[in-house]
Amino acid sequence: MSRYRIADDVAWVSHEALDAHELPSAYVTRLPHGPPTTLEGPACVVWLALAEGGSSDEIAAAAALMWGIEPDEIRGDVLALVEELVALGLATTG
Amino acid sequence: MTPMTQQASAATGQMPIGARVHLAHAVVQKLADDRGIDLLHLKGPAVLPGLRAGGRQSSDVDVLVRPSHLHLLVTALESVGFEQRTDFATGSVFAHAANWWHDSWGWVDVHVSWPGVTIDAERAFEVLSRDSVQHPIAHRACPVPGRTAQRLVLVLHAARSGGGTADIEGSWTVADPEERAEVRGLTAELGAEVALAAGIGELELHRGAPTYALWHQFVHGGSRLDEWRARLTAATGARAKAELLTSALRVNRDHLRMELGHPPTRQEVRARQLRRLRRAVDELSRRVGRR
């Protein structure tokens, strides 16, 4: 199974606290040309899980834990998002 | 698209300014890494923990570049779409900084020296970078001055900006005697004694210094006439004084362009010259009236 991580030439910043009353957001870019990309809400949660690295199952499990839901509920969406991030060059495999 | 992927968007306009500044620091550092450019990140997210009161947010990126590497940095910035908006002659009183703009990353202020430092700029960079540390900004390692140099940079900036108390508080007031002694030692090495004194309330100890009036004006304010008189006093040598007077008569086209949002026309420059002249007349008439 593929393992995913944030690509080497990426800079990112996020709201430090995943406050339930605020929409968590991460701001991500490839260096040095950009463009900047905003990952909001669940997409930000997946990004923070991706920052730890792992398989899509592990990332889904970490995101589900942060989100407080069952991994099975989001596994398909998580994989789709991670693959999209790979296509954008923001994430990589291996 | 799934609901989750719909929430991943290229959304520059929605990006908070704080996030933009963090990413912009990382962009500049990437350019420097790729081209072997020596620079230091200053202020904002480059400030080490504990040196500044919380809640402060920068609106632009400040970097100090090794002066002999400036041309490399300029080429690098412009290669990714930054546009120069002010030059070093018009960017500030000290002719020490120029500004670049990027539609995604905002403002980058490139400094070749720091206000208050009087030794040769190349040597000053060596001194300020001597104890530099790698500090993460947007998850990228960025070189920043060491703690002592950061204290001095923040105090000098505060003095230049009219005595910002938060920076003085975080970088000087709370420093213990040993830390203050280290800052004073570095200050002497950089020839920045008058500027430091202006920041920490000791300026009157330097009444005889050529730059006294200039720093007094920064800290305590004054009219444009007072500022020019102070700058004239601080300028050393006939040539420097002549250049200063020439620039005093010249409208700052870069700033006017930023203010108007378009390159100024000849009529607009002329109107601005007349406005400055009238302001000078007003100042003089107030001065005469006081006698």
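Me: How are the helices and strands delimited here, and on what conventions does the numbering rest?
Reply: Helices (H or I, at least four residues) and strands (E, at least two) are DSSP runs, numbered from the N terminus. This is a predicted model, in which local features need pLDDT of at least 70 and side-chain atom pairs count only at pLDDT 80 or more, whereas totals for chains, interfaces and linings use all residues. Residues are numbered from 1 along each chain as its sequence is written, chains are lettered from A and ligands numbered from 1 in the order in which they are written, and side-chain values use heavy atoms, with hydrogens and water left out.

Me: Where is Pro35(A) placed, and which residue precedes it in the cis peptide bond?
Reply: Most residues other than glycine have a negative phi, and most peptide bonds are trans. Pro35(A) is in the loop between strand 3 and strand 4 of chain A. The bond from Gly34(A) to Pro35(A) is cis, with omega near 0°. The bond from Leu31(A) to Pro32(A) is also cis, with omega near -5°, and Pro32(A) is in the loop between strand 3 (25-30) and strand 4 (37-40) of chain A.

Me: Which face of helix 2 of chain B do its buried residues line, and within what arc do they fall?
Reply: An α-helix has 3.6 residues a turn, so residues three or four places apart point the same way. In helix 2 of chain B, Leu70(B), Leu73(B), Val74(B), Ala76(B) and Leu77(B) are buried (under 20% relative accessible area; exposed is over 50%, partly exposed in between; 1.4 Å probe, protein chains only). Seen down the helix axis, these buried residues fall within an arc of 165°, so they line one face; the arc is that of the directions from the helix axis to the C-beta atoms. The face turned away from the buried side carries the exposed residues His71(B) and Thr75(B).

Me: What does Leu73(B) touch?
Reply: Contact means heavy atoms within 4.5 Å. Not counting residues up to four places away in sequence, Leu73(B) touches Val28(B), Ile37(B), Leu39(B), Val63(B), Val65(B) and Val110(B).

Me: Which residues of chain B have a positive phi although they are not glycine?
Reply: Among them is Lys43(B), with a phi of about 60°, in the loop between strand 2 and strand 3 of chain B. At 14% relative accessibility, Lys43(B) counts as buried. Another is Ala138(B), with a phi of about 55°, in the loop between strand 7 (133-137) and strand 8 (140-144) of chain B. Ala138(B) is buried, at a relative accessible area of 5%.
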